[in-house]
Amino acid sequence: MGKVTETNHPLIQHKLTFMREKDTGSKDFRELLTEITMLMGYEITKDMQLSEVEIETPMGRTKSKVLSGKKLAIIPILRAGLGMVDGLVNLIPAAKVGHVGLYRDPETLKPVEYYCKLPEDIGSRELLVVDPMLATGGSAVAAIDVLKGYGAKTIKLVNLVAAPEGIAEVHKYHPDVDIYIASIDEKLNDHGYIVPGLGDAGDRLFGTK
C-alpha cells in the first residue's frame, strides 16, 4: 500500500491558514499555494537518488553529490493543479510538465476527461501529479488511470488538502501511489466538498465563480 505523508511543517500550516480564510483574494491565494508547494517539495523529493562526481572548487578537487536516477515530470490536473506547478519547477527547473484536463460533473460528481498532453518519455520519468484538493478522489484516480495508460510506472500524488474518503479512494484503485498532503481534513459534505477545506480551489486561484 502506498504511504500517506502529511507535512506538518509550521510554515506550511501557517500559510495554509491564510489560504483557508474566505476573504483571501486570488493574488494572495496563488502566491501562498506556490510557497506551500515549494515547501512541500523538500519532503516529496527527499528520496531522490544521488550519484558522486568529482569537481574543482577554488580550494582544489573534491567529490560531491548530484541528482541521478529517474528524471521528473510534473503533471497538474487542470485547472486548479496549475497553481502548484511553479512551486515545484522553481525547485526542479529541468522537470518536464504535462497536463491532464478533468472536470467534475456537478450531477454525478464523476470526473470527465477533456484534455491530455504528456512528455513523450513519460514511462521513464517519475511523475508528480498535483492538484490542490483531494476530495472524492475521482479526479485523481481518473488522472492516474490516464497516466498509467500511457506507460507511467512511478507516480506520486501531491495535494494541499485531502479528505479521508479521497485518500481511501486513491489507494483502493492505485495502492502503489504515495500521497503527499499538507493537511488531512475532517470529511466531505453532501456536495463532495472538503470540510473545513478552503472552497473551490480553481475559482479562488483564478477569480472565477
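The expected span of a helix is 1.5 Å times one less than its number of residues. Keep that in mind for the first view; the model shown throughout is a predicted one.

**View 1. Helix α2, end to end.** Helix α2 covers residues 26-44, which is 19 residues, so the expected span is 27 Å. The C-alpha atoms at its two ends sit 26 Å apart, in agreement with that figure.

**View 2. What α2 hides, and what hides it.** The buried residues of α2 include Phe29, Leu32, Leu33, Ile36, Met40 and Ile44. In an α-helix there are 3.6 residues a turn, so residues three or four places apart point the same way. Among the elements covering the buried residues of α2 are α1 (10-20), α3 (85-91), β8 (125-130) and α6. Strands β10 (154-162) and β11 (178-184) also help cover them.

**View 3. The annotated binding site.** An unreviewed UniProt entry puts a "binding site" at Ile194, Gly199, Asp200 and Ala201. Ile194, Gly199, Asp200 and Ala201 also turn up in the lining of the largest pocket.

**View 4. Asp200, in the loop.** Asp200 belongs to the loop between β13 (194-195) and α6 (201-206). Its relative accessibility is 29%, so Asp200 counts as partly exposed. Setting aside residues up to four places away in sequence, Asp200 touches Arg79 and Tyr193. A polar atom of the Asp200 side chain is 2.9 Å from the backbone nitrogen of Asp203.

**View 5. Ala201, in the helix.** Ala201 is part of helix α6. With a relative accessibility of 4%, Ala201 falls under the 20% cut-off and therefore counts as buried. Beyond its neighbours within four places in sequence, Ala201 contacts Phe29, Ala80, Pro132 and Met133. Phe29 is one of the buried residues in α2.

Technical notes. Residues numbered from 1 in each chain as written. Predicted model: local features only at pLDDT ≥ 70, side-chain atom pairs only at ≥ 80, totals over all residues. Heavy atoms only, no water. UniProt positions renumbered as here; feature names shortened; annotations may be inferred. 1 Å grid on protein atoms, 1.4 Å probe; cavity = no way out; pocket = protein on both sides within 12 Å on 5 of 7 lines; lining within 4 Å. Helix = DSSP H or I, 4+ residues; strand = E, 2+ residues; numbered from the N terminus. Buried < 20%, exposed > 50% of the residue type's maximum accessible area, 1.4 Å probe, protein only. Contact = heavy atoms within 4.5 Å. Polar contact = N/O pair within 3.5 Å; in protein donor to acceptor, adjacent residues only side chain to side chain.
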